Amino acid sequence: MKGPSPRGLWNYAARRLRLGGYFRAPGDGRAIPQIPAQALLWSILIGCILRQSAFRAIEAWVNSRARRALRVSRVFGDDALRYFTEHLRPEPTRTALASVLHCAKRNKAFEDWHFVGLALDGTTGGGRRKARPDCGLCRPHRNAAREIIGYRHNLVLAAVVGGELTLPVDVEPYGPADSEYAAGQRLLRRVRRNLGARFIDYVVVDGEFATAPFLHAAGEAGWPVVARLKDNLPELFQAAQRRFRSQPPQLCFRDGSDRVELWDAEDFDPWDSLRWETVRVLRYRQQKPEGEIVEAYWLTNLSSPQTSRRCLYAMAKSRWQIENQGFNDAKNRYGLEHLCDHHPQSRLLVWLLTCLALTLERLYRLRYLHRGAHPALNAITLLRLFILTLSAPAFADSS
Ligand SMILES: [Zn+2]
């Protein structure tokens, strides 16, 4: 196998993950396209993976000697990227994300996982000092004195989680008159349509999503939910605290170097609007070697014969994957908080393409390159290897 390179990633995505057709026809809505959609689309994806997601930065890269090694066929400016993303339809990219996940499953990417989860969480995706009248999503951002200091955009991100992979699959924006958990329901229904019910074993979410409408929407999709239980559900939360604090733990075990205690009961009463017969609650208390203690409560409609306490604990913990490998990575490394273009369509497409870039990078690095006995590369090492291929003096075009 040759070393990793942007060209190798293109081949992997186009051939093994069968994205060739999508790369050629990604839903381009430009009236008279001058520059092939494939060149523009791929430059955004590879730009994101190289952590150069600003359109100006992509322009600089494709106008440099690195262009051929990046596998971009043409020179263009940042205005071409703006025009392209403002006219790109979102459905083909969403379909491409779902088809990549199906392909990865067929290629046994999730083979060693006990369960495949879908984690949903809300975040902000970049902003501007001024609102844009036709944006529809500008949400005022205020300082401590309640003065508006800018406008931000909110979205809910869905990622497939479990094992060591976190693969973003779709996003749903929500505006100022909307809510996180309403956007979460729309997202859940679309992921169900695009991925199918059988792809996912459970949905895992934070406490803000623990509302009857969201839990019912997951039930309609055919998926059980594991949701954080916090004081936004005071009756259930207090009932669980009262009961578990007077009982010894039902299970103790080691998770790495941490000592974990579990409490579990499935006969709690649902709150008024929740159409469940009973609610199962899990409490974990995790002690770190330095003495720090982490405690959390979770609610679920998975029954105990279906799912053991230990499995339920692992499912609850998979929620942190979207926090660490979903948002923190996407924001700090891959520019999710940089707003390339304040046009509604462009903004959505850049978020979706960021999801696709992250999913491609992880499958390439942690599955394709990780065949055989050698250890998996971390993200920064792959980035360094990519950059080295771009500065190679003589580049032979073999495609
Ligand atoms: Zn806006």
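## Exercises on a predicted model

Leu45, leaving aside its neighbours within four places in sequence, is in contact with Leu353, Leu356, Ala357 and Leu360. The model used in these exercises is predicted.

**Exercise 1.** Determine which nonpolar core Leu45 belongs to, and where that core lies relative to the two domains.

Solution.
- Step 1. Leu45 is one of the residues with the most contacts inside the largest nonpolar core, together with Leu120, Val169, Val203 and Leu229. This core has 112 residues.
- Step 2. Helix H12 (residues 344-368) supplies 14 residues, the largest share of this core.
- Step 3. Domain 1 (6-92 + 342-390) and domain 2 (225-305) both contribute residues to the core, so it lies between them.
- Step 4. The centres of domain 1 and domain 2, taken over C-alpha atoms, are separated by 42 Å.

**Exercise 2.** Check the overall dimensions of the chain against the expectation for a compact globule.

Solution.
- Step 1. The chain has 399 residues, for which a compact globule would have a radius of gyration near 21 Å.
- Step 2. The chain has 23 Å, which agrees.
- Step 3. Along the principal axes, the C-alpha atoms fill a box of roughly 70 × 55 × 40 Å.
- Step 4. The chain contains 13 helices and ten strands, and buried residues make up 42% of its 399 residues.
- Step 5. Of the contacts between residues at least 6 apart in sequence, 66% join residues at least 24 apart.

**Exercise 3.** Test the length of helix H9 (residues 234-245), then find how its buried and exposed residues are arranged.

Solution.
- Step 1. H9 has twelve residues, and at 1.5 Å a residue it should span 16 Å. Its end C-alpha atoms are 16 Å apart, which agrees.
- Step 2. Leu236, Ala240 and Phe244 are the buried residues of H9.
- Step 3. Viewed down the axis of H9, these buried residues fall within an arc of 50 degrees, so they line one face of the helix.
- Step 4. An α-helix has 3.6 residues a turn, so residues three or four places apart point the same way.
- Step 5. Pro234, Glu235, Gln238, Arg242 and Arg245 are exposed on the face of H9 turned away from its buried side.
- Step 6. The cover over the buried residues of H9 includes strand S6 (225-229), strand S8 (258-268), strand S9 (279-287) and strand S10 (293-300).

**Exercise 4.** Describe the buried face of helix H1 (residues 6-16) and the elements that cover it.

Solution.
- Step 1. The buried residues of H1 are Pro6, Arg7, Leu9, Trp10 and Ala13.
- Step 2. Down the axis of H1 they fall within an arc of 160 degrees, so they line one face of the helix.
- Step 3. Among the elements covering them are helix H3 (37-49), H12 and helix H13 (379-390).
- Step 4. Just after H1, Arg18 takes a positive phi of about 60 degrees.

**Exercise 5.** Classify Thr93 and Asp78 as buried, partly exposed or exposed, and list their contacts.

Solution.
- Step 1. Thr93 is in helix H6 (residues 90-106). A residue is buried if 20 or more other C-beta atoms lie within 10 Å of its own; Thr93 has 22 such neighbours and therefore counts as buried.
- Step 2. Outside its neighbours within four places in sequence, Thr93 is in contact with Pro26, Gly27, Leu349, Leu352, Leu353 and Leu356. The C-alpha atoms of Thr93 and Leu353 are 7.3 Å apart, although their positions lie 260 residues apart along the chain.
- Step 3. Asp78 is in helix H5 (residues 78-86). With 16 C-beta neighbours inside 10 Å, Asp78 counts as partly exposed.
- Step 4. Outside its neighbours within four places in sequence, Asp78 is in contact with Phe55, Arg56 and Glu59. Its C-alpha atom is separated by 8.4 Å from that of Ala57, 21 residues apart along the chain.

**Exercise 6.** Arg71 and Lys108 each have a positive phi. Locate both residues and decide whether each is buried or exposed.

Solution.
- Step 1. Phi of Arg71 is near 65 degrees, and this residue lies in the loop between helix H4 (55-62) and H5.
- Step 2. Arg71 has 21 other C-beta atoms within 10 Å, so it is buried.
- Step 3. Phi of Lys108 is near 70 degrees, and this residue lies in the loop between H6 and strand S1 (117-128).
- Step 4. Lys108 has 9 C-beta neighbours inside 10 Å and so counts as exposed.

Notes
Residues numbered from 1 in each chain as written. Predicted model: local features only at pLDDT ≥ 70, side-chain atom pairs only at ≥ 80, totals over all residues. Helix = DSSP H or I, 4+ residues; strand = E, 2+ residues; numbered from the N terminus. Expected span 1.5 Å × (residues − 1). Buried ≥ 20, exposed ≤ 12 C-beta atoms within 10 Å, placed from the backbone. Arc of directions from axis to C-beta. Contact = placed C-beta atoms within 7 Å. Domains from an automatic or database assignment. Rg over C-alpha atoms; globule rule 2.2 N^0.38 Å. Core = buried A, V, L, I, M, F, W, Y, C linked by C-beta atoms within 7 Å.
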